Structure formats: C-alpha cells, structure tokens
Amino acid sequence: MGRVYNFSAGPAVLPEEVLKEAAEEMLDYKGTGMSVMEMSHRSKAYEEIIKTAEQDLRDLMNIPDNYKVLFLQGGASQQFAMIPMNLMKNGVADYIITGQWAKKAYQEAQMYGKANAIASSADATFSYIPDCSDLPISEDADYVYICENNTIYGTKFKTLPNTKGKTLVADVSSCFLSEPVDVTKYGVIYGGVQKNIGPAGVVIVIIREDLITEDTLPGTPTMLKYKIHADNASLYNTPPAYGIYICGKVFKWLKKMGGLAEMKKKNEEKAKILYDFLDESKMFKGTVRPEDRSLMNVPFVTGNEELDAKFVKEAKAAGFENLKGHRSVGGMRASIYNAMPKEGVEKLVEFMKEFEKNNA
C-alpha cells in the first residue's frame, strides 16, 4: 500500500522529502558511520544539528536576540505546570478558555496560585473565540494565557487579546509555523511539535530572557526550571535528540518552500477549498463561527451520528486516514497542516461530494 492522505491531528503528516532524507541518513549520518539515534548529544555532529535547527527557527520566525529558544520534553502538557512554576511571581494569572487544552492549563495553574478564567467560549461548545478587546485583566496578573489554535474545536485567535500590558503566554502547538508571527507580542510562545513540525517527544519554548530567573516557586524540580535549560543551551540532560534532528529538517524544508508568508498563502488556499465546500454542502456543516475558523483543523458534521460513522469508514477505505473527530466532540475533523499537500484536500472534497450524492 502506498502513502495515504493522513488528516491526523497529531502525531501528524510530515513532508515526504524530509522522511526520505531521514531514511537515507538512517544508518550513516554524513559519514559519521552511525545514525543520529545513536550519537552522543555532546558530539560535534550533534552540536551542529541542534545549533543549526535553532538558527533556522530563528530565521523563519524572526526571533529577536532577547528571546531564548529551548528544545524540551514533556509535551505541551508539561508546560501547563512549568509556566506557573517559573512565571507566577505574584501568584496570579489570567486564562482565556477556548477549549480543552486551555482548560487543562488553567486547572493545572490553580495548583500553583490564583488562576482566573477571564473569558470563555464554553457556552457554545468552544465554537468561537470570545471578544478579548477589553477583558477584566487582574491588576497583579503575572501573565495572560491563551491556546492560540484549538485543535479539537477548530478555532483560532485572529487577533491577540488586549492584555493591558501584561505578559502574553501562548500555546501554539497546532498552528506552529503555519503563518508569520510577531514574537515580540508574546512573553512565551510554545508548542508540542507533533502536529506541524516533527515527531512527538519535543516541545519548543520561545521565551523572553527577562522571564527566565532563578526565582521559581518553592519545590520546582530542577528539570522544570527554564533557567537550567537556557543556561545549558537545551543540553542540560540528554535531549530528544532524534526528534530535534527531524524538526531541523522541517525548518530547512519550510525555508526552501519560501518561509512562513508563503506557508500562510498555501494554508489559506487549502482551507478555502474545504470551507467553501462545507458552506455550500447540504449534508456536511462546519462547526465553527466563520470568522474564527482555523486554517489547520477543520471540524465538520452531518448532524447524524450513523452517517458520520459511515463517512469515516468509507473515507478510510478510500485512503483518507484519521478523519474521525476528537472523542470528546464526535463528528469529523480534517487536520490540514503545512505538510498536507493541496491535492489531499482537493481529493477529500471530491470524495465528500461523491458521498453526499450517494447518501442524499
């Protein structure tokens, strides 16, 4: 069987040429006589891999010099604790709840200080982004937290919240490198890489230097201190070495594709094909308020659970994998990350049209 069209939300599709290159280097990386999986993270060859990866990411995102780039482990979920442990100096933080991951981060923060939910879209199954232009920001808040793209619900902040001068912390796991960002608007911008950048096991944290201090909450484990990782250039302990190597290859691929402005254009084109069809279809409906739609994750339903199940099953048989919605919401979801080719979306829409005709 050949390659399928993989619409998984994560671990997700990777660029084919990156996988081929990694396959070619699997047994012998650049004449070292060994795989990157086997080499010491202290070796010259590996030092070059991680340094180049960081520099390419800095180039892609125009990351200013006063921000550190950390390659860490524990996924985005470990950051739910690491952020309050390192940033809660006053013991107060404001959270905007736009989905399951923002909610989990908010619940975790409650263990370390006073976490306030200052806005939420839970009232409509997280199908929109609340108006964040004038929020009741706490005067002593250490930071304001958002999940910028909501993988399960398919929403995206098109405008960042007005934090009234407070530090913005954003989980960008599912929209990482999908479009240009102004890093200076954030104190911390972080994400697990297994959606848009690489294999599961790496989380990238981009953090402004003034937020990295010795002054963490009492009882913060050494491994959960940003300063430890920043001072040791992400090599305090053995990093997720192979995962970082693949991320580095994806950064090179993104540069070759023309960078983030070009990716945004491509992503908008791809998403438009699918959303336009959903808007005209009699059977399929998108579940998100149009102005808040994500370019990366597109949830949709028929309104009939049996029909949904039939669609997912037949789609799989036709080579469209992982279209089942998250277990918490049901329905369907197509994740169309950077590495999903445009033709994958076109073929999916063709299949949906055919399905609609046959099941009208």
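These are my notebook entries on a few backbone oddities, one strand and one helix pair in a predicted model.

**Entry 1: backbone oddities**

I started with the peptide bonds and the phi angles. Most residues other than glycine have a negative phi, and most peptide bonds are trans. With that in mind I looked for exceptions.

The bond from Gly-10 to Pro-11 is one: it is cis, and its omega is near -10°. I then checked where Pro-11 sits, and found it in the loop that runs between strand S1 (5-6) and helix H1 (16-25).

Next came phi. Lys-30 is not a glycine, yet its phi is positive, about 45°. I placed Lys-30 in the loop between H1 and helix H2 (44-61). Ala-233 also has a positive phi without being a glycine, here about 50°. Its place is the loop between helix H5 (226-231) and helix H6 (241-256).

Are these two buried or exposed? Lys-30 has a relative accessible area of 62%, so I noted it as exposed, the cut-off being over 50%. Ala-233 comes out at 52%, so it counts as exposed too.

**Entry 2: strand S10**

I moved on to S10, residues 203-208, and asked how many of its residues are buried. The count is 6 of 6, so I wrote the strand down as mostly covered.

In a regular strand the side chains alternate between the two faces of the sheet. I therefore went through S10 side by side, taking buried as under 20% relative accessible area. Val-203, Val-205 and Ile-207 are buried on one side. On the other side Ile-204, Ile-206 and Arg-208 are buried as well, Arg-208 included despite being a charged residue.

Which strands pair with S10? Strand S2 (residues 67-72) does, antiparallel, over 6 bridges. Strand S9 (residues 188-192) does too, again in the antiparallel sense, over 5 bridges. For single partners I looked up two: Lys-68 is bridged to Ile-207, and Ile-189 stands opposite Ile-206.

**Entry 3: helices H8 and H9**

Two packed helices are described by the angle between their axes and the distance between the axes. For H8 (residues 305-317) and H9 (residues 342-358) I got axes that come within 11 Å and cross at roughly 130°. An angle of that size falls outside the parallel, antiparallel and perpendicular ranges, so the two helices are oblique to each other. The crossing is right-handed.

I then listed who touches whom. H8 brings Leu-307, Lys-310, Phe-311, Glu-314 and Ala-315, and they meet Leu-348, Phe-351, Met-352 and Phe-355 of H9. By type, the contact has 7 nonpolar residues, 2 charged and no polar ones.

Note on methods: Residues are numbered from 1 along each chain as its sequence is written. This is a predicted model: local features need pLDDT of at least 70, side-chain atom pairs count only at pLDDT 80 or more; totals for chains, interfaces and linings use all residues. Side-chain values use heavy atoms; hydrogens and water are left out. Helices (H or I, at least four residues) and strands (E, at least two) are DSSP runs, numbered from the N terminus. Buried means under 20% relative accessible area, exposed over 50%, partly exposed in between (1.4 Å probe, protein chains only). Two strands pair if DSSP finds at least two bridges between them. Axes are lines fitted to C-alpha atoms, for helices over the stretch in contact, and angles run from 0 to 180 degrees between N-to-C directions. Angles under 35 degrees count as roughly parallel, over 145 as roughly antiparallel, 65 to 115 as roughly perpendicular and the rest as oblique. A crossing is left-handed if the near helix is turned anticlockwise from the far one by less than a right angle, and right-handed if clockwise. Contact means heavy atoms within 4.5 Å.
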